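Take a look at the chain below. The paragraphs that follow lead through its sheet, its loops and its ligand.

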Amino acid sequence: MNTLQLYSSDVCPFAYRVRLALHEKAIPHEVISVDLGNIPDWYYEISPTGRAPLLKQKDQVIWESTVINEFLEDAYPDRPLLPRDPVARAHARIWIEYCNNTFQPNFCGLVFELDKKKHDKIKDALRESLVFLEAGLAETPGAYWLGDECSLVDLTYYPFFEQAVVLAKYRGFEMPEKHVNLNRWQATMKQRASVQDNCRDSDFYIDAYRPYVDGTIGK
Ligand SMILES: N[C@@H](CCC(=O)N[C@@H](CS)C(=O)NCC(=O)O)C(=O)O
(Lines give C-alpha, C1' and ligand atoms only; values in the text may rest on other atoms or scores of the structure.)
Protein backbone atom coordinates (compact mmCIF):
# COMPACT_ATOMS: atom_id res chain seq x y z
CA MET A 1 0.00 0.00 0.00
CA ASN A 2 1.19 3.56 -0.71
CA THR A 3 2.27 5.42 2.39
CA LEU A 4 0.72 8.71 1.21
CA GLN A 5 -3.01 9.06 0.76
CA LEU A 6 -4.56 12.19 -0.70
CA TYR A 7 -8.19 12.87 0.14
CA SER A 8 -9.33 14.83 -2.84
CA SER A 9 -12.16 15.94 -5.06
CA ASP A 10 -11.90 16.55 -8.79
CA VAL A 11 -13.92 19.76 -8.54
CA CYS A 12 -11.75 21.25 -5.78
CA PRO A 13 -9.07 23.68 -7.05
CA PHE A 14 -7.16 23.33 -3.77
CA ALA A 15 -6.97 19.54 -4.07
CA TYR A 16 -5.92 19.99 -7.70
CA ARG A 17 -2.89 22.00 -6.55
CA VAL A 18 -1.76 19.04 -4.48
CA ARG A 19 -2.43 16.47 -7.22
CA LEU A 20 -0.24 18.59 -9.51
CA ALA A 21 2.57 18.78 -6.95
CA LEU A 22 2.46 15.02 -6.31
CA HIS A 23 2.70 14.40 -10.05
CA GLU A 24 5.45 16.96 -10.65
CA LYS A 25 7.50 15.43 -7.86
CA ALA A 26 6.69 11.86 -8.95
CA ILE A 27 5.64 10.92 -5.44
CA PRO A 28 3.83 7.58 -5.17
CA HIS A 29 0.43 8.07 -3.59
CA GLU A 30 -3.17 6.95 -3.53
CA VAL A 31 -6.06 9.32 -4.25
CA ILE A 32 -9.27 8.88 -2.28
CA SER A 33 -12.26 10.84 -3.55
CA VAL A 34 -14.48 12.64 -1.08
CA ASP A 35 -18.00 13.70 -2.07
CA LEU A 36 -17.94 17.34 -0.95
CA GLY A 37 -21.62 17.80 -1.71
CA ASN A 38 -22.40 15.16 0.88
CA ILE A 39 -19.37 14.78 3.13
CA PRO A 40 -19.39 11.29 4.65
CA ASP A 41 -19.11 10.76 8.40
CA TRP A 42 -15.93 8.71 7.98
CA TYR A 43 -14.20 11.77 6.51
CA TYR A 44 -14.94 13.88 9.59
CA GLU A 45 -13.19 11.19 11.62
CA ILE A 46 -10.00 11.77 9.60
CA SER A 47 -10.20 15.48 8.82
CA PRO A 48 -10.28 18.20 11.49
CA THR A 49 -12.06 20.56 9.06
CA GLY A 50 -14.05 18.22 6.82
CA ARG A 51 -12.49 20.01 3.86
CA ALA A 52 -10.43 18.71 0.97
CA PRO A 53 -7.56 18.34 0.37
CA LEU A 54 -6.02 16.34 3.16
CA LEU A 55 -2.85 14.30 3.06
CA LYS A 56 -2.43 11.26 5.27
CA GLN A 57 0.90 9.65 5.99
CA LYS A 58 0.55 6.64 8.25
CA ASP A 59 -1.36 8.10 11.21
CA GLN A 60 -0.41 11.75 10.56
CA VAL A 61 -2.68 14.15 8.68
CA ILE A 62 -1.81 17.44 6.99
CA TRP A 63 -4.38 19.79 5.53
CA GLU A 64 -4.50 23.20 3.80
CA SER A 65 -3.28 22.91 0.21
CA THR A 66 -0.47 25.45 0.57
CA VAL A 67 0.84 23.73 3.67
CA ILE A 68 0.55 20.30 2.06
CA ASN A 69 2.54 21.46 -0.96
CA GLU A 70 5.23 22.98 1.27
CA PHE A 71 5.33 19.73 3.23
CA LEU A 72 5.85 17.81 -0.03
CA GLU A 73 8.63 20.25 -0.93
CA ASP A 74 10.33 19.67 2.44
CA ALA A 75 9.82 15.92 2.56
CA TYR A 76 10.56 15.20 -1.11
CA PRO A 77 13.23 17.73 -2.15
CA ASP A 78 14.57 15.76 -5.15
CA ARG A 79 12.42 17.49 -7.75
CA PRO A 80 12.25 20.99 -6.29
CA LEU A 81 9.24 23.22 -6.89
CA LEU A 82 10.61 26.25 -5.07
CA PRO A 83 13.80 28.17 -5.92
CA ARG A 84 16.84 27.56 -3.71
CA ASP A 85 17.74 31.21 -3.33
CA PRO A 86 16.07 32.52 -0.13
CA VAL A 87 14.95 35.80 -1.70
CA ALA A 88 13.48 34.07 -4.78
CA ARG A 89 11.83 31.59 -2.39
CA ALA A 90 10.31 34.45 -0.42
CA HIS A 91 9.01 36.01 -3.64
CA ALA A 92 7.43 32.68 -4.61
CA ARG A 93 5.63 32.65 -1.27
CA ILE A 94 4.46 36.24 -1.80
CA TRP A 95 2.81 35.15 -5.06
CA ILE A 96 1.19 32.21 -3.28
CA GLU A 97 -0.03 34.55 -0.53
CA TYR A 98 -1.51 36.83 -3.16
CA CYS A 99 -3.36 33.92 -4.71
CA ASN A 100 -4.76 32.76 -1.37
CA ASN A 101 -5.56 36.20 0.04
CA THR A 102 -6.69 38.18 -3.00
CA PHE A 103 -7.08 36.41 -6.33
CA GLN A 104 -8.75 33.22 -5.07
CA PRO A 105 -11.23 34.98 -2.74
CA ASN A 106 -12.27 37.21 -5.65
CA PHE A 107 -12.54 34.24 -8.00
CA CYS A 108 -14.45 32.00 -5.58
CA GLY A 109 -16.43 34.96 -4.28
CA LEU A 110 -17.87 35.49 -7.73
CA VAL A 111 -18.60 31.79 -8.18
CA PHE A 112 -20.39 31.37 -4.86
CA GLU A 113 -22.07 34.76 -4.35
CA LEU A 114 -25.76 34.24 -4.96
CA ASP A 115 -26.72 37.91 -4.57
CA LYS A 116 -26.44 39.31 -8.11
CA LYS A 117 -26.34 42.87 -6.77
CA LYS A 118 -22.90 42.11 -5.37
CA HIS A 119 -21.44 40.69 -8.58
CA ASP A 120 -20.28 43.93 -10.20
CA LYS A 121 -18.15 44.83 -7.20
CA ILE A 122 -16.54 41.39 -7.09
CA LYS A 123 -15.95 41.47 -10.85
CA ASP A 124 -14.11 44.79 -10.48
CA ALA A 125 -11.91 43.31 -7.74
CA LEU A 126 -11.24 40.21 -9.81
CA ARG A 127 -10.35 42.32 -12.86
CA GLU A 128 -7.97 44.33 -10.70
CA SER A 129 -6.24 41.20 -9.41
CA LEU A 130 -5.90 39.87 -12.98
CA VAL A 131 -4.23 43.14 -14.01
CA PHE A 132 -1.81 42.69 -11.11
CA LEU A 133 -1.04 39.08 -12.13
CA GLU A 134 -0.57 40.08 -15.77
CA ALA A 135 1.90 42.78 -14.76
CA GLY A 136 3.79 40.29 -12.60
CA LEU A 137 4.02 37.74 -15.38
CA ALA A 138 5.18 40.41 -17.84
CA GLU A 139 8.33 40.74 -15.69
CA THR A 140 9.08 37.02 -15.86
CA PRO A 141 11.85 36.02 -18.25
CA GLY A 142 10.70 32.41 -18.81
CA ALA A 143 7.56 30.47 -19.64
CA TYR A 144 6.54 29.93 -15.99
CA TRP A 145 5.67 32.26 -13.15
CA LEU A 146 9.18 32.44 -11.74
CA GLY A 147 11.16 31.83 -14.92
CA ASP A 148 12.16 28.68 -16.77
CA GLU A 149 11.06 26.17 -14.14
CA CYS A 150 7.54 25.22 -13.15
CA SER A 151 7.07 25.98 -9.45
CA LEU A 152 4.53 25.83 -6.65
CA VAL A 153 3.40 29.29 -7.79
CA ASP A 154 2.22 27.88 -11.13
CA LEU A 155 0.53 24.94 -9.43
CA THR A 156 -1.19 27.28 -6.96
CA TYR A 157 -2.80 29.47 -9.64
CA TYR A 158 -3.44 27.07 -12.51
CA PRO A 159 -6.52 25.24 -11.12
CA PHE A 160 -8.50 28.49 -11.02
CA PHE A 161 -7.69 29.28 -14.64
CA GLU A 162 -8.85 25.83 -15.72
CA GLN A 163 -12.13 26.49 -13.90
CA ALA A 164 -12.64 29.99 -15.31
CA VAL A 165 -15.24 28.58 -17.70
CA VAL A 166 -17.60 28.52 -14.70
CA LEU A 167 -17.36 32.30 -14.35
CA ALA A 168 -18.06 32.75 -18.06
CA LYS A 169 -21.01 30.39 -18.04
CA TYR A 170 -22.74 31.43 -14.80
CA ARG A 171 -21.51 34.95 -14.08
CA GLY A 172 -20.84 36.41 -17.55
CA PHE A 173 -17.21 37.02 -16.63
CA GLU A 174 -14.64 36.30 -19.36
CA MET A 175 -10.93 36.19 -18.65
CA PRO A 176 -9.61 39.25 -20.57
CA GLU A 177 -7.96 38.34 -23.89
CA LYS A 178 -5.69 41.36 -23.56
CA HIS A 179 -3.75 39.61 -20.80
CA VAL A 180 -1.37 37.99 -23.25
CA ASN A 181 1.11 36.87 -20.61
CA LEU A 182 -1.52 35.10 -18.55
CA ASN A 183 -2.90 33.45 -21.67
CA ARG A 184 0.56 32.34 -22.79
CA TRP A 185 1.32 30.97 -19.33
CA GLN A 186 -1.98 29.08 -19.24
CA ALA A 187 -1.24 27.52 -22.64
CA THR A 188 2.19 26.44 -21.35
CA MET A 189 0.67 24.89 -18.24
CA LYS A 190 -1.85 22.92 -20.30
CA GLN A 191 1.05 21.15 -22.00
CA ARG A 192 2.49 19.80 -18.77
CA ALA A 193 2.03 16.09 -18.13
CA SER A 194 0.84 16.83 -14.58
CA VAL A 195 -1.99 18.95 -15.96
CA GLN A 196 -2.81 16.58 -18.79
CA ASP A 197 -3.11 13.72 -16.31
CA ASN A 198 -5.36 15.62 -13.91
CA CYS A 199 -7.35 18.16 -15.93
CA ARG A 200 -11.11 18.10 -16.39
CA ASP A 201 -12.99 19.60 -19.30
CA SER A 202 -15.35 22.57 -19.32
CA ASP A 203 -18.50 20.45 -19.18
CA PHE A 204 -17.28 18.73 -16.04
CA TYR A 205 -16.86 22.05 -14.20
CA ILE A 206 -20.08 23.53 -15.54
CA ASP A 207 -22.04 20.50 -14.28
CA ALA A 208 -20.14 20.22 -11.01
CA TYR A 209 -20.67 23.87 -10.04
CA ARG A 210 -24.32 24.11 -11.08
CA PRO A 211 -25.73 23.21 -7.62
CA TYR A 212 -23.42 25.76 -5.99
CA VAL A 213 -24.18 28.65 -8.32
CA ASP A 214 -27.92 28.07 -8.21
CA GLY A 215 -27.82 27.71 -4.43
CA THR A 216 -29.05 24.10 -4.30
CA ILE A 217 -26.11 23.27 -2.02
CA GLY A 218 -23.99 25.58 0.08
CA LYS A 219 -20.31 26.02 -0.66
N1 LIG B 1 -7.78 26.83 2.37
C2 LIG B 1 -8.14 25.48 2.07
C3 LIG B 1 -9.45 25.48 1.29
C4 LIG B 1 -10.03 24.08 1.13
C5 LIG B 1 -11.48 24.13 0.68
O6 LIG B 1 -12.16 25.16 0.80
N7 LIG B 1 -11.98 23.00 0.17
C8 LIG B 1 -13.35 22.92 -0.22
C9 LIG B 1 -13.52 22.30 -1.59
S10 LIG B 1 -12.78 23.21 -2.87
C11 LIG B 1 -14.11 22.01 0.73
O12 LIG B 1 -13.58 21.04 1.21
N13 LIG B 1 -15.39 22.32 0.96
C14 LIG B 1 -16.25 21.49 1.75
C15 LIG B 1 -16.74 22.20 2.97
O16 LIG B 1 -16.27 23.32 3.25
O17 LIG B 1 -17.56 21.62 3.67
C18 LIG B 1 -7.01 24.80 1.28
O19 LIG B 1 -6.24 25.53 0.64
O20 LIG B 1 -6.87 23.57 1.33
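Which residue in strand 4 is the bridge partner of Q57? The partner is Q60. That pair belongs to a predicted model, in which local features need pLDDT of at least 70, side-chain atom pairs count only at pLDDT 80 or more, and totals for chains, interfaces and linings use all residues. Residues are numbered from 1 along each chain as its sequence is written, and side-chain values use heavy atoms, with hydrogens and water left out.

Start with the sheet. It is open and has 4 strands in the order 2-1-3-4, with mixed pairing. Strands here are DSSP runs of E with at least two residues, helices are runs of H or I with at least four residues, and both are numbered from the N terminus. Two strands pair if DSSP finds at least two bridges between them. In general, strands of a sheet pair through backbone hydrogen bonds, either parallel or antiparallel.

Strand 2 (30-33) and strand 4 (60-63) are the edges. Each has a single partner strand, so one side of each is left without a neighbour in the sheet. From one strand to the next, the twist averages 25°. Such angles run from 0 to 180 degrees between N-to-C directions, and the axes are lines fitted to C-alpha atoms, for helices over the stretch in contact.

Now follow the pairs. Strand 1 (residues 4-8) runs parallel to strand 2, over 4 bridges. There S8 stands opposite S33. Strand 1 also pairs with strand 3, in the antiparallel sense, over 4 bridges. Y7 has L54 of strand 3 as its bridge partner. Strand 3 and strand 4 are antiparallel too, again over 4 bridges. Their hairpin has 2 residues between the strands, and K58 in this hairpin takes a positive phi near 50°.

Helix 3 (residues 65-75) lies across strand 1, strand 3 (54-57) and strand 4. Contact here means heavy atoms within 4.5 Å. The helix runs at about 120° to strand 4.

Two loops deserve a look. One lies between helix 1 (13-24) and strand 2, and A26 is found there. A26 is not glycine, yet its phi is positive, near 55°. The other loop, between helix 2 (41-46) and strand 3, holds P53. A cis peptide bond joins A52 and P53, with omega about 5°.

What surrounds the ligand? The shell is C12, P13, F14, L36, I39, R51, A52, P53, E64 and S65. A residue is near the ligand if one of its heavy atoms lies within 4 Å of it. Side-chain N or O atoms reach the ligand at three residues: R51 at 3.1 Å from a ligand oxygen, E64 at 2.7 Å from a ligand nitrogen, and S65 at 2.6 Å from a ligand oxygen. Taken alone, the ligand exposes 510 Å², and the protein buries 78% of that. Accessible areas come from the Shrake-Rupley method with a 1.4 Å probe.

Methods. Polar contact = N/O pair within 3.5 Å; in protein donor to acceptor, adjacent residues only side chain to side chain.
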